[in-house]
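Work through the exercises below with the model open beside you. Each task is followed by a solution in steps.

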Amino acid sequence: MAYIDGYQLAASRVLDLAQPMRKGMPQSANHPPFRMSLERRHGDYVRTDGGSAANEIIVTGGHVGTHVDALGHVSQDGLVYGGLAASDIQNHQGLSALGIDAFPPYVGRAVVLDIPRLYGVRVLPAGYEITADDLSRAEGLAGSDVRPGQAVLIGTGWSRLWDQYDLFTGMREGVPGPGPDAARWLASRRVRVVGGETLAFERIGPGLGHSTLPVHRILLVESGINIVETMRLHELLDTGLGECLLILAPLPIVGATGAPVRPLALIPA
């Protein structure tokens, strides 16, 4: 039998943690929209034996849909993670360091912190700020300790609202997510990667948009912790499990500041 971090692979159920990518899906207005169309349709070209094929063209930003933020995605006062000058690692071809192609695929344990469960709800209110105390209490509720070098998935229930564009994007009321003290709590645990259900991972207040992103600064720039955004976590939250085996492998687009990913959670069958 094959085991990873105590999980027996042959006896596991697989949950897809990615939102489906389609034209018009919820996304941040800061990034190019996702578009797909058939470039060639069946019948446009027919081979001598009667065979035909269709293919598409896909245009997307690296931070659209379920995706991983590279460490070079955010800078503060001109510096990225490790004190590097952002101007020294970027050009029109992308990032020469800290791009998403530098992210080693993650296969390992992930602790699931279900914040709505603390309050007896399925979805946190819009604009709710998750605190360090919330994370500590959710860790106790999960019965799974957060460990260095591993992953943490923070549930808000927000992926249940995927089909409600205006509400999901928080255009009017904001979205729930960790605040700065929660980010420092995660950084103090020295985790490798964190994930959440919203477009920006962190709390966005009503009407504020992405005017400031302190959690991104603390995690990406100061702590070297990658962020996964727009995850589909509600099915995992519904299991009540406090941890899972997470498989996380974003597209290795050279020099990109982020890339789409299809995370998989393995749980006991």
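Helices here are DSSP runs of H or I with at least four residues, strands are runs of E with at least two, and both are numbered from the N terminus. The model is a predicted one.

**Exercise 1. Helix α3**

Task: Find which residues of helix α3 are buried, and explain how they are placed around the axis.

Solution.
- Step 1. Helix α3 spans residues 132-142. A residue is called buried when its relative accessible area is under 20%. In α3 this applies to Ala-132, Asp-134, Leu-135, Ala-138, Glu-139 and Ala-142.
- Step 2. These residues lie on the same side of α3, because the arc they cover around the axis is only 155°.
- Step 3. The cover over the buried residues of α3 includes strands β9 (106-114), β10 (129-130) and β11 (151-155), together with helices α2 (115-118) and α5 (180-188).
- Step 4. After α3 comes Gly-143, with a positive phi near 70°.

**Exercise 2. Salt bridges**

Task: Count the salt bridges in the whole structure, then say which parts of the chain Glu-243 and Arg-109 tie together.

Solution.
- Step 1. The search of the whole structure gives eleven salt bridges.
- Step 2. In one of them, the side chains of Glu-243 and Arg-109 meet with an N to O distance of 3.3 Å. Glu-243 belongs to strand β15 (residues 243-248) and Arg-109 to strand β9, so this pair ties together parts 134 residues apart in sequence.
- Step 3. Compare the accessibility of the two partners. Glu-243 has 24% relative accessibility and therefore counts as partly exposed, whereas Arg-109 has 3% and therefore counts as buried.
- Step 4. Another salt bridge is formed by Arg-160 and Asp-238, whose closest N and O atoms are 2.8 Å apart. This pair also links distant parts of the chain: Arg-160 is in the loop between β11 and α4 (165-169), and Asp-238, 78 residues apart from it, is in helix α7 (residues 234-238). Arg-160 is partly exposed, at 22% relative accessibility.
- Step 5. Asp-166 and Arg-172 form a salt bridge with closest N and O atoms 3.5 Å apart. Asp-166 is partly exposed at 37%, and Arg-172 is exposed at 57%.
- Step 6. Look for shared partners. Salt bridges of this kind join Arg-109, Asp-145, Arg-147 and Glu-243 into one network.

**Exercise 3. Positive phi outside glycine**

Task: Locate Phe-201 and Thr-230 in the chain, and decide for each whether the residue is buried or exposed.

Solution.
- Step 1. Phe-201 is not a glycine, yet its phi is positive, near 65°. It sits in the loop between β13 (193-196) and α6 (214-222).
- Step 2. With 3% relative accessibility, Phe-201 counts as buried.
- Step 3. Thr-230, likewise a residue other than glycine, has a positive phi near 60°. Its loop runs between β14 (226-229) and α7.
- Step 4. Thr-230 counts as buried, with 0% relative accessibility.

**Exercise 4. Nonpolar cores**

Task: Which residues have the most contacts inside the largest nonpolar core, and which helix gives the most to this core?

Solution.
- Step 1. The largest nonpolar core comprises 33 residues, and those with the most contacts inside it are Ile-115, Leu-135, Leu-186, Val-194 and Leu-219.
- Step 2. Elements giving two or more residues to this core are α1 (86-89), β9, α2, α3, β11, α5 and α6. Helix α6 gives the most, namely five residues.
- Step 3. Take Leu-186 as a case. Beyond neighbours within four places in sequence, Leu-186 contacts Leu-135, Val-152, Ile-154, Val-191, Val-194, Phe-201, Leu-219 and Ile-225.
- Step 4. Apart from this core lies another, of 25 residues, including Leu-17, Val-112, Leu-236 and Ile-267.

**Exercise 5. The nine-stranded sheet**

Task: Give the strand order of the open sheet of nine strands and identify its edge strands.

Solution.
- Step 1. The order is β3-β17-β15-β9-β11-β13-β14-β6-β16, with mixed pairing.
- Step 2. Strands β3 (12-16) and β16 (258-260) are the edges, as each pairs on one side only.
- Step 3. On average, neighbouring strands of the sheet are turned by 25° against each other, direction ignored.
- Step 4. At one edge, β6 (residues 67-69) and β16 run antiparallel and are joined by three bridges. Val-68 stands opposite Ala-259 in β16.
- Step 5. Helix α6 packs on the sheet, where it touches β6, β13 and β14, and its direction makes about 135° with that of β14.

Technical notes. Residues are numbered from 1 along each chain as its sequence is written. This is a predicted model: local features need pLDDT of at least 70, side-chain atom pairs count only at pLDDT 80 or more; totals for chains, interfaces and linings use all residues. Side-chain values use heavy atoms; hydrogens and water are left out. Buried means under 20% relative accessible area, exposed over 50%, partly exposed in between (1.4 Å probe, protein chains only). The arc is that of the directions from the helix axis to the C-beta atoms. Contact means heavy atoms within 4.5 Å. A salt bridge is a side-chain nitrogen of Lys or Arg within 4 Å of a carboxyl oxygen of Asp or Glu. A nonpolar core is a set of buried Ala, Val, Leu, Ile, Met, Phe, Trp, Tyr and Cys residues joined through side-chain atoms within 4.5 Å. Two strands pair if DSSP finds at least two bridges between them. Axes are lines fitted to C-alpha atoms, for helices over the stretch in contact, and angles run from 0 to 180 degrees between N-to-C directions.
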